[in-house]
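Please open the model in your viewer and keep the sequence panel beside it, since each stop on this tour asks you to select something and then look at what surrounds it.

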Amino acid sequence: MAELAAELETRDLAEEAPHRIHAPKFRAWSGLWPKVVAVLIAVGVWQVAAWSGWRPANVLPAPLPVFQTLFGDLSHADFYAGLAMTLRRAVLAYGIAVVIGTLVGVLVARSTILRTAIGSAILGLQSMPSIAWFPLALLFFQRSEAAIFTVVLLGAAPSIASGLLSGVDHVEPLLIRVGRVMGARGLRLYRHVILPAALPSFVGGLKQGWAFAWRSLMAGELIVAVGSQPSLGQQLRAAQNLADTSQLVALMIVIFIIGIAVDALFGALDREIRRRWGLLGTEA
Amino acid sequence: MSKVLELSEKHSLSVEALTKAYPHGDRLLVALQGVSLEVKRGEFVCVVGASGSGKSTLLNLLAGLEEPTRGRAHAHGHVALIFQEAALLPWLTAAGNVELALELRGVRNPERSRIANELLRRVHLDGFERRRPHELSGGMKQRVALARALAQDADVLLMDEPFAALDAITRDRLHEELLKLWSQHGLTILFVTHNAREAVRLGDRVLVFTSRPGRVGHEVAIDLPRPRSLDSPDLAVIAGHITERLKLEMGIGG
C-alpha cells in the first residue's frame with residue numbers, strides 16, 4: 001500500500017514535467033516574433049505615410065534617412081555625452097526613489113497611525129501627474145538638477161511605496177502565524193516571512209516606478225537645460241528648434257529603446273520571481 | 001532531537017475555564033466557553049466538533065497566538081502548529097523551509113542543512129529537498145510541514161485538520177507516519193478533525209466539542225490496541241457512537 005501511494009505521488013510530479021521540457025527555446029521565439037512583426041508594421045505604416053506626401057519630407061522624414069541620422073549620432077561623442085548624462089540622472093534619481101519609497105513603505109506598513117495618515121496620501125500622489133510638480137520645483141530649486149530630481153522622485157517613489165505596501169497587506173495570514181510559531185517576531189518576521197512574501201508585488205511597484213521615473217525625467221529635461229552637456233531631452237529640444245525632424249525621430253527611437261529595454265529587464269525579474277514563488281500556475 | 005523527560009511536569013497541555021470571545025458588531029461572539037482539559041505528556045488527544053465549535057481558536061490560544069478572554073491555556077515545551085494547508089513558505093525549497101525553522105532556533109550551518117536533510121529523510125522525502133512547495137503534492141507538503149515541526153524541536157504538535165484535504169490513500173499513510181513520529185519522538189499531540197474515524201484511529205482519547213459556544217461536551221477513551229486499522233469493525237462502532245454524539249451536540253448548539 002505504502003509503495004503504491006509513493007508511486008502515485010511521484011507520478012503526479014512526472015505528469016507535470018512535460019510542460020516544462022521544451023518550453024525555453026519555444027518561448028523565446030514565441031515571445032520575439034510578435035515584437036518583430038509590430039516593428040515591421042510600424043515602420044511600414046511610417047514609410048507609407050512618408051510616401052503619401054501628406055506632409056513635406058523635411059517635416060515627415062521617411063524611415064531610411066532617420067536611421068541614417070541615428071547611425072550618424074551613434075558615432076558622435078556629443079550624443080554619448082548627452083546619453084550618459086540622462087542615464088546618470090535616471091539611475092541616480094531612480095535609486096533615491098527606490099530607497100525613499102522602500103523606507104516609507106516599510107514604515108507605513110509597520111505603523112497603524114502612519115498608515116491612516118499617509119497611506120491614502122501615497123495613493124493620491126500616485127494618481128497625480130508628476131510633471132504638474134515641475135513649476136513648483138523650479139521656484140524652489142531654480143533651473144537645477146535638483147528640480148529635475150524632485151519631479152522624478154515624486155513620480156517614482158509613491159509607486160514603489162505602494163507596491164511594497166500592497167505586498168505587505170496581502171501576505172497570507174497563515175504564513176505570518178507559521179512564522180510567529182517558529183519564533184520569528186518583529187524584524188525577523190519581516191526579514192524571513194513578510195518581505196519575501198511581498199517581493200512579487202514590490203517588483204511590480206519597482207517596475208511601475210521606473211516607468212514614471214523615465215517619463216518624468218524626459219519631461220523635466222525637455223523643460224530645463226542644466227549642466228555643460230546637452231542631455232537627451234535637450235538634444236530633443238534642440239532638434240525641434242532646428243526643425244531637424246530626422247534627428248528628432250532618431251532621438252525618440254533611442255528614448256523608446258531605453259524605456260522598453262529596462263522594462264524588459266523588470267519583466268524578466270518579475271517572471272523569475274513568479275516562477276520561484278510558484279505563482280505562474282503552470283503546474284495546474 | 002530527543003527530549004529529557006521532566007517527570008515533574010505530568011501535563012503538556014493544560015486548559016482551565018478558558019473562554020474566548022470576539023467582538024462582532026456591537027455583540028460578542030463567544031468561540032469558547034469554560035473549556036477545561038488536560039493532555040498528559042506523550043498523549044495523543046483528538047478533538048472532534050462541528051465547524052464553529054472553536055477548535056481552531058483553542059489551538060491558537062495554546063500556541064500563544066491569541067490571548068484568552070478569561071481562564072488560561074498553557075502548553076509546556078515547544079509548540080508547533082500544523083494546518084490543513086501545509087503553509088510552507090513558497091519561495092523556499094522543501095529543505096529551505098525546514099532550515100528556516102532551525103535557523104530561527106539558532107542552529108548554524110552546516111549543521112542546519114545536515115539536520116534538515118535528515119528530517120526530510122525521516123518523513124520519506126529524500127530526493128525532494130530542492131523542490132519548491134508548488135512542485136510537491138498535497139501529501140508531500142504535509143510531510144515537509146511535519147519535518148518543519150520536528151525542526152522546531154517541538155514537544156507538542158497542535159494539528160488543525162491537517163489531512164482533511166488529502167485523498168484516502170495518502171491520508172492513511174500519513175496516519176501511520178504520524179503515529180511513528182509520535183512514538184519515536186515522545187510527542188504530545190492535540191489533533192483537531194471533523195472525521196470521527198480518523199479521531200478514533202489516532203487518539204488515546206477523543207473529545208467531542210459542542211458548537212457555539214465551544215465546550216467539551218463528551219469524552220471517549222479509546223482502548224483499542226495499536227496499530228489500529230481504519231477498516232476494523234471495533235473502530236467503526238466507536239466512531240459511530242462519536243458521530244451520534246456529534247449530531248446530538250450539533251442539534252443542541254445549532
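Begin by selecting A:Ser120, which counts as exposed because it has 10 C-beta neighbours inside 10 Å, and keep in mind throughout the tour that this is a predicted model. A:Ser120 is found in helix 6 of chain A, the stretch of residues 112–127. If you then add A:Ser162 to the selection, you will find its C-alpha atom 9.7 Å from that of A:Ser120, although 42 residues along the chain lie between the two positions.

Now widen the selection to the whole of chain A, whose secondary structure comes to 12 helices and 0 strands. Of its 284 residues, buried ones make up 30%. Among the contacts in chain A with a separation of 6 or more, 74% are between residues 24 or more positions apart.

Before leaving chain A, select A:Ala243 in the loop between helix 11 (232–241) and helix 12 (245–277). A:Ala243 has a positive phi of about 55° although it is not a glycine, and it counts as exposed because 10 C-beta neighbours lie inside 10 Å.

Next, show the two chains together and turn to the place where they touch: 26 residues of chain B are in contact with 22 residues of chain A. On the side of chain B, the elements that give two or more residues are strand 5 (79–82), helix 2, helix 4 (138–151) and helix 5. The residues on this side of chain B divide into 16 nonpolar, 5 polar and 5 charged.

How many of the 11 residues of helix 2 of chain B are buried? Select helix 2, residues 94–104 of chain B, and you will find that 9 of its 11 residues are buried, so that this helix is largely enclosed by the rest of the structure. Among the buried residues are B:Val98, B:Leu100 and B:Leu102, and also B:Asn97, B:Glu99 and B:Glu103. The cover over the buried residues of helix 2 of chain B includes helix 10 (186–223) of chain A, together with helix 3 and helix 4 of chain B.

Move on from helix 2 of chain B to B:Gly106, which follows this helix and has a positive phi, near 90°. A little further along is B:Pro110, in the loop between helix 2 and helix 3 (111–122) of chain B, and the peptide bond that joins B:Asn109 to B:Pro110 is cis, with omega about 0°. To see another cis peptide bond, select B:Arg226 and B:Pro227, where omega is near -5°; B:Pro227 is found in the loop between strand 9 (216–221) and helix 7 (233–253) of chain B.

With chain B still in view, colour its two domains separately, taking 1–77 + 155–254 as domain 1 and 87–153 as domain 2. The centres of these two domains of chain B, taken over C-alpha atoms, are separated by 25 Å. Their contact takes 11 residues from domain 1 and 7 residues from domain 2 of chain B. Helix 5 of chain B, residues 168–185, gives the most to the side of domain 1 that touches domain 2, with 5 residues. The residues on that side of domain 1 of chain B divide into 8 nonpolar, 2 polar and 1 charged.

For the last stop, select strands 1, 2 and 4 of chain B, which form an open sheet in the order 2-1-4 with antiparallel pairing. Strand 2 (27–40) and strand 4 (70–75) of chain B stand at the edges, and because each has a single partner strand, one side of each is left without a neighbour in the sheet. Direction ignored, neighbouring strands of this sheet are turned by 25° against each other on average.

Look closely at strand 1 of chain B, residues 11–24, which is joined to the antiparallel strand 2 by 10 bridges. You can pick out B:Tyr22, which stands opposite B:Leu29 in strand 2 of chain B. Finish at B:Ala17, which is found in strand 1 of chain B and has a positive phi of about 40° although it is not a glycine. Is B:Ala17 buried or exposed? B:Ala17 is exposed, because 12 other C-beta atoms lie within 10 Å, and a residue counts as exposed at 12 or fewer.

Methods
Residues are numbered from 1 along each chain as its sequence is written. Chains are lettered from A and ligands numbered from 1 in the order in which they are written. This is a predicted model: local features need pLDDT of at least 70, side-chain atom pairs count only at pLDDT 80 or more; totals for chains, interfaces and linings use all residues. Domain bounds come from an automatic or database domain assignment. Helices (H or I, at least four residues) and strands (E, at least two) are DSSP runs, numbered from the N terminus. Ala, Val, Leu, Ile, Met, Phe, Trp, Tyr, Cys and Pro count as nonpolar, Asp, Glu, Lys and Arg as charged, and the others, Gly among them, as polar. Two strands pair if DSSP finds at least two bridges between them. Axes are lines fitted to C-alpha atoms, for helices over the stretch in contact, and angles run from 0 to 180 degrees between N-to-C directions. A residue is buried if 20 or more other C-beta atoms lie within 10 Å of its own, exposed if 12 or fewer, and partly exposed in between; C-beta atoms are placed from the backbone.
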